[in-house]
Amino acid sequence: MTVEIQNGASPLAPDWLQVPADLNELKEPMWAGSVDRNSAGALTVGGVSVQELKEQFGTPLFVMDEADFRARARAFKDSFDAAFADICGGVDVYYAGKSFLCTAVVKWVEEEGLRLDTASGGELAVAARAGIAGERVALHGNNKSDAEITRALDMGLGRIVVDSLDELVRVGDIARASGRQAKVMLRLTPGVHAHTHEFIATAHEDQKFGLSMAADTTEQAGLSAAEEAVAAASAHPGIELLGLHCHIGSQIFEPDGFALAAEKLLRFLAAMQEKYSITMPELDLGGGYGIAYTPVDTPRPAAEIAKAMAAVVRSTCAELGIDAPRISIEPGRAIVGSTTFTLYEVGTLKTVRVDAAASDNGDAGNNVTYPRRYVSVDGGMSDNARPVLYDADYSAVLASRTSTAAPQLSRVVGKHCESGDIVVRDVYLPGDVAAGDLLAVPGTGAYCWALSSNYNYLARPGVVAVRDGFARLIVRGETEEDLLNRDMGA
Ligand code: LLP
């Protein structure tokens, strides 16, 4: 039996997905500040229309609003500075380059008064090319190579965040061998389990990152790995121990987890300072602040998170009777994520009829089938691996024009040879979407280009920054020549 759908609402849709009152609306807060529609109905960013962008740069394309990036970076810096002014004189904000990194972005970060968090030698190379002072750069990673450690020391990095006891000794020895001292922070796992996708929650015990704060986690009876690292770091002549670090996970909305982690680290910091007669002047509380990918996501403003964290740091330090350490944070996604949308061109379309019972989102079935429209675009899992990796939900709008056609439950899919190649699992799009239309998927600034691949020998898209009516490539897209360059021949 087949049933036609009234008012567009489909039983195949997940519970959270409502039929939008206006399919052409650009729902806050998913879009960058300057994204709008022009009088012809086309999406514009910084005053530049998607047709102009397609003509100049092709599709797929990452389109970034530069002013929006700068505004979000400033919002973190200003609101955390304000909230912590009386506690530790302000906050150092390290932009997490793993979310999206290129030299232009490093320059914006610097110009807005932020610092840079890197996680590999390659990311350090970008930092070096951008010319940022090493003092303003941090290096992370759970398995840094000797070459990466040496590079960090050569660049005079402000901090190397050490992840394990093994690495602590390695960093100290390498620094000492060249008569230097490495500025080190210790990454601890405070045991706070953030409410997020399992793969991106990183401060619980059973995972690869960080030094455990639980007792008896080392050979030395009674000592936690974290304490053993504090003792070893403060005794090693090649190490200047700056303080402690934690990162509890990513795409987190509620401030409670950050506050709890801050409290746990402060208690530990105070205990270690007293026991080993040392001072650890810095405390880094990581990144992980969530953004809106769909209309039901409700991220908190930076100022709200800052206030909640400051309240806990203030009261805990007062209770412990210690001077507050200088606080730093490492937001990535919350700065770059919503600055960018991916522009795709629609190719083929097909509609299938799905038994609601058999559908992943469906209500209890009674052999009734409903339509699901597959809208294929010219990119896919190679430019956005997040739906495949994390079951991440996204949203999309028809970007090249507006439409008054009835909403149709759609699934935006890529062009890869893989049935899981989904860009937007469930979205209502106008029923007249056709080949040649442009679609825009918001919220693709973080961990999309950064995680992109050449699967099926697709060329990675370029990244365009738009500002004041002018669009420029900040990373050019790959060409077929790029794709063949490393093939050494028979
Ligand atoms: N600091 C550290 C030590 C981190 O490991 C991360 C992210 C950040 C800061 C920045 O987190 P953010 O503010 O961007 O959430 N690929 C996953 C996310 C992996 C996060 C890795 N670490 C995703 O696409 O959701």
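Which domains give residues to the shell around the ligand, and where does the ligand lie?

## Where the ligand lies

Keep in mind that this is a predicted model. Domain 1 (36-65 + 338-484) and domain 2 (67-334) both contribute residues to the ligand's shell, so the ligand lies between them.

That shell holds 19 residues, and the ones that come nearest are S250, E330, R386, Y390 and Y447. Sorted by class, the shell is a real mix: six nonpolar, seven polar and six charged residues.

## Polar contacts with the ligand

Now for some distances. S250 has a polar side-chain atom 2.3 Å from an oxygen atom of the ligand. Y447 also puts a polar side-chain atom by a ligand oxygen, here at 2.7 Å. With G288 the backbone does the job: one of its polar backbone atoms is 2.8 Å from an oxygen atom of the ligand. As for cover, the ligand taken alone exposes 590 Å², and the protein buries 91% of that.

S250 and Y447 turn up twice in this picture, then: they are among the residues that come nearest to the ligand, and each has a polar side-chain atom by a ligand oxygen, at 2.3 Å for S250 and 2.7 Å for Y447.

## The two domains

The domain assignment splits the protein into domain 1, made of 36-65 plus 338-484, and domain 2, which runs over 67-334. Their C-alpha centres are 34 Å apart. In the contact between them, 23 residues come from domain 1 and 22 residues from domain 2.

## The cavity

What does a search of the whole structure find at 30 Å³ or more? It turns up one cavity, and the largest cavity has a volume of about 30 Å³.

Its lining is made up of M30, W31, A32, V35, V63, S338, T339, T340, F341, P442 and G443. By class that gives seven nonpolar and four polar residues, with no charged ones. The shell around the ligand, for its part, has six charged residues.

Terms used
Residues are numbered from 1 along each chain as its sequence is written. This is a predicted model: local features need pLDDT of at least 70, side-chain atom pairs count only at pLDDT 80 or more; totals for chains, interfaces and linings use all residues. Side-chain values use heavy atoms; hydrogens and water are left out. A residue is near a molecule or strand if one of its heavy atoms lies within 4 Å of it. A polar contact is a pair of N or O atoms within 3.5 Å; within protein, one must be able to donate a hydrogen and the other to accept it, and residues adjacent in sequence count only if both atoms are side-chain atoms. Accessible areas come from the Shrake-Rupley method with a 1.4 Å probe; for residues, only the protein chains shown count as cover. Ala, Val, Leu, Ile, Met, Phe, Trp, Tyr, Cys and Pro count as nonpolar, Asp, Glu, Lys and Arg as charged, and the others, Gly among them, as polar. Domain bounds come from an automatic or database domain assignment. On a 1 Å grid over the protein atoms alone, a cavity is a set of points where a 1.4 Å probe fits but cannot get out, and a pocket is an open set with protein on both sides within 12 Å along at least five of seven lines; lining residues have an atom within 4 Å of a point. Grid points are joined across faces, edges and corners, and a volume is the space filled by probe spheres set on the points. Contact means heavy atoms within 4.5 Å.
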